[in-house]
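Student: Mind if I ask you about some labels people attach to a model like this one?
Tutor: Go ahead, and let's hold each label against its cut-off.

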Amino acid sequence: MTTYGTIPTSSMLGAATNLEYISRAKGRIKEGLSTRRPWKIMLNLHSFRLPPNLAEALVRVKTNVAYFRMNYALIILIILFLSLLWHPISLIVFIVMMAVWLFLYFLRDEPLVIFGRTIDDRVVLIVLGVLTIVFLLLTDVTLNVLVSLLIGVVVVVLHGIIRKTDDLFLGEEATGLMSTAGAGDGGGGASSSA
């Protein structure tokens, strides 16, 4: 009995599973990147103004970090990536850690559960950040990593300070921040325009 032209079902199931996984990953990447705010809003020149006082600056940083969280993470990761271009081993570690970030933070569509406990996204973010830094420091690029992280944090804080927050809508997850930011921006905006 010959079976020319037939495809074994076990290989078809494996291929279908792989295609399904890839299509789910694509969907999750699109969904994850949808939490990224448009760069046009983030870099709107009409929304840049120095804050009138330190309290307003702190409120702006908190609000902007809550609103542009994904954008800020991408900026810091790009700066870190650029600093590692001349260190191939560290770059490989960075790429591996990026894969871990993709699967454990950016591409997850369900909460992370370890030993029956649901892990908060902020805990995952902090743990992955610390692990990334530790693994990169183990590859002897301590100065590069620290300088690039410092540059990234300075860029984020500077943007957070000078970007006004009166045109941002945070949504339900940050209503406490929004009410605090709204009270701070309303007073600062009125006094700066008068």
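Tutor: Before that, over residues 119-139 the chain is 81% helix and 5% strand, with end C-alpha atoms 29 Å apart; helices (H or I, at least four residues) and strands (E, at least two) are DSSP runs, numbered from the N terminus. Keep in mind that this is a predicted model, where local features need pLDDT of at least 70, side-chain atom pairs count only at pLDDT 80 or more, and totals for chains, interfaces and linings use all residues. Residues are numbered from 1 along each chain as its sequence is written, and side-chain values use heavy atoms, leaving out hydrogens and water.

Student: Why is the pair of Phe81 and Phe94 called tilted?
Tutor: Rings of Phe, Tyr and Trp (its six-membered ring) pair if their centres lie within 6.5 Å; planes under 30 degrees apart are stacked, over 60 edge-to-face, and the rest tilted. Here the centres are 6.0 Å apart and the planes sit at 40°, so tilted it is. Phe81 belongs to helix 4 and Phe94 to helix 5, 13 residues apart.

Student: What makes Phe94 buried?
Tutor: Buried means under 20% relative accessible area, exposed over 50%, and partly exposed in between (1.4 Å probe, protein chains only). Phe94 has 4% relative accessibility, so it counts as buried.

Student: And how do you class Phe81, at 32% relative accessibility?
Tutor: That value makes Phe81 partly exposed.

Student: Which residues does Leu91 touch, not counting those up to four places away in sequence?
Tutor: Phe81, Leu84 and Leu85, with contact meaning heavy atoms within 4.5 Å.
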